[in-house]
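Trainee: I am new to this one. Can you take me through the strands and sheets?

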Amino acid sequence: MSIRKVQLITPPPNLTGDLHIGNALNIVCSDIYLRYCELNKCWVNARFGSDHAGHGLESIINKQVGDNATDEEKVQAALKHCKTMRQNHLNTLQALGVNWLDQGWTLGTQSRNMTLKAFVELYQQGHIKEHLYPTLSVVTSDGLKFLDIADVDFITQNVTLYYIELGLKSKMDEQGVNSVDNTLPTSIKAYCLQPTLLDAAVAVGVPEELWETYKDMVAVIPETNRQLPFIPVKGITDTKFEFVIPGYSERDFQLAWEHGLEIINVTDEYGRMTNCTADIMGMDIETANKYMANRFVADGTIECQIPMKGGSKAYVTPAPQWILDMTAITPYGLRAVEKLKIEPDTRRQLLVQRLQSKHPWCISRNGWWGIQVPIWRISRNKEVHTIAAMSQEDAIAKVAKQIGISPTDLSANGYTVEQDKRTLDTWFTSALWPMWTAENGVVDDIASQLNASSVDHQDTQQPDDGDLDTKDPVLQLDVTRLLYTGYDILHSWVARMLALCTKLNESRLPFDKLVLHGIINDTKGKKMSKSWGNTVTATQFIQSFEQLKGFPDMSKPSKTHTMLQSVFGDDIYYNPLAVAQARLALASAASKANACHDVEAYRGRIKSMLKKLAQLTKYVQMTVDQKGIKSLYDLDGPSKGFITDAVVAGLGRCGSEVGTAIEAFEFRKAVEELEKAVYTYSEYAIPAHRIMFCNDTVLIRQYVALMQLFMPFLPQLLLQMSMPLKLNTTGDLFHWPDYKNVDPYALQGFDAIEDALRQLRRHVLEANTATIITVNPCYKQHLTDAKEYLDHLLKLTYNSVIHYEIEAG
């Protein structure tokens, strides 16, 4: 026996604002896929959660409460904001017709504990260490104060670009012989924006295309004669050379780490110059910059984003931060990529490149919002113990054991305990998302009950372990763990998640399949972003859809819904007809390319499709009423014949294509095939029933199958609209129609009908009153016998009939 289970991993939206249309597209398409799996008798698992958003939310709260608020007041304001926003997100989820379970948020107990455990484990393994890192800061009366990006505003300014002439000197080989071409220049111009940081430079960046020329040379700083090596830097253009100053630039920090270069700090704790030439020693940064500018040459300006704090300029200076060395982590991710199914596969190489970079990851920040770094410093005089632990009690116990006293005696012996005040990067927490949202669920419970022993999750060390096999072969669990997300967070989330989870979870893949979709752009082709203010919220998008002809007014909740709302509490009502249109529009916009399709492109087609759905539903209802049919059990056997078989095969092809498209996450194609199915039923099945080429059973059974096709897309609408035989209350819609045995001969027959009708319509448009149409020889007699049907179809379109002969062609 085999049970299929699908676990869907979705990115947790940030709590900085309402769910936007990009979130809605990801959620709705994920929900369509899950509902399709469920209709195909799969157990499904999806958990919705929220990301606490780190500096993004911190920035919002800082502006809301002002700079004079204490950190405690800010945290309380943030918690209140998050509570409101999480409820808004859950309401929007409901509005979109999505009924996933609520997993919580990244500051919840389960997530927090997993984050702390991951940090402690990586720290103890030596992968996390404290290093100087370029950090925002501002000079105060008490000295240099380190900031988070959330504490500053950025303004655009033109900044002077400076250069200084550096001498060139060749490296010597082991015998002291100069091996460099003496025809090279004797000096170069090296550029920077802050001359005062000359003494903090550790290398000169050279364009990659010139690296071979300069790799065996060093640059010499005038006056100090300090020598700087050349390193290749991607992105430098116009053959310019740039100083590499790792303590004051994130890009340069990565370069220095890659090439094993030191970090030189030339600013002390008061923001004054130190570790520099005597002439600027003790100066503040601005004064030193003006002084040093006289030694450089100004060479135009460039536009830069300048950080400001309360009207004062903020600076980037080196500060201790916790750095995760990815060198030992990324190999796990690279091995995982080899086994991972990726769609589209063209993204695989991009993911590999992200993992191969091995850039260190600064996982701490000087903010007040988030999970506090689990580092404790327990000290007495100059004796300091730095401990990573899950809690303060755990840290005290570890130190007490080290020094051989009771934990309760630490304080009495003069030891003080202080936790690191920094918080962890939000991406570090969210990178663990697949681990703390993993849910074995009902299926695994069944497995443990039916088999002699429970499902073994721990024995394998293989990174490609995608299936959970029971020890008893009676029950096999075919489990697929799937991540569906936008390609734009491939580096910041997916690559880190793949590497971290595989490393921490005994080399097991956090997901078996990765499907990447594009981003939604605004009308100007620019990515929608909350920070740019060009987003459309999910609720705004839903509310942009209107009532359609043929449907009852669903803008207000029914009496039953109102009663349930009063009993069970808060429940936001959204017009299911508007939700249906929104879901179809979002599905039709989904794409695996860089950018999704225009979300408005199919609005008109969707309206037309749903109107036809209402019309054909009305026709089936009329048939049921006229014939006194009370349930599907009252139906006789299906009629047989060429037209019946052909139309059923045509509908079967559409249905099969809908399922294939959903499985491939080609949601636009799925919507297009739905459109074809509605057209085929409306333009071929109903006319065949009108003139009795097919019976009531075929009409109604195919209607049921058509509604089943729509169930993953329009669950709310189908369950609330008036439907023949009350199909939405009988359970008949809750399985996927079987299209495995579509008759190929009948399907070609349907194509022959469509081709014959196209020829007839063309002749009508050309005003031919008598003509000949050619058809597949295999279907000549069938179509000749079905001329009444063809005439009827032609009359429905043009209200005219022509004389024609059918010949084999």
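**Strands and their partners**

Mentor: Start with one pair in this predicted model. Strand 4 (residues 128-140) and strand 5 are antiparallel and share four bridges.

Trainee: Which residue of strand 5 is the bridge partner of T140?

Mentor: Strand 4 and strand 5 pair over four bridges. T140 is in one of these pairings, and its partner in strand 5 is G143.

Trainee: Which strands stand at the edges of the sheet with the order 5-4-14-16?

Mentor: This is an open sheet of four strands, with antiparallel pairing. Two of its strands have a single partner strand each, so one side of each lacks a neighbour in the sheet. Those edge strands are strand 5 (143-146) and strand 16 (361-362).

Trainee: Do strand 8 and strand 9 run parallel or antiparallel to strand 10, and what are the two answers?

Mentor: Take strand 8 (residues 203-207): four bridges link it to strand 10 (residues 227-233), and the two run parallel. G205 has I231 as its partner there. Strand 9 (residues 217-220) has three bridges to strand 10, with V220 opposite Q227. So the answers, in order, are parallel and antiparallel.

Trainee: Which residue in the turn between strand 9 and strand 10 has a positive phi?

Mentor: Strand 9 and strand 10 form a hairpin, with six residues between them. The positive phi, about 75°, belongs to E223.

Trainee: What angle does helix 10 make with strand 19?

Mentor: Strand 19 belongs to an open antiparallel sheet with the order 19-18-20. Helix 10 (residues 392-403) packs on that sheet and touches strand 18, strand 19 and strand 20. Its direction relative to strand 19 is about 130°.

How values were computed:
Residues numbered from 1 in each chain as written. Predicted model: local features only at pLDDT ≥ 70, side-chain atom pairs only at ≥ 80, totals over all residues. Heavy atoms only, no water. Pairing = 2+ DSSP bridges. Contact = heavy atoms within 4.5 Å. Axes fitted to C-alpha atoms, helices over the stretch in contact; angles between N-to-C directions.
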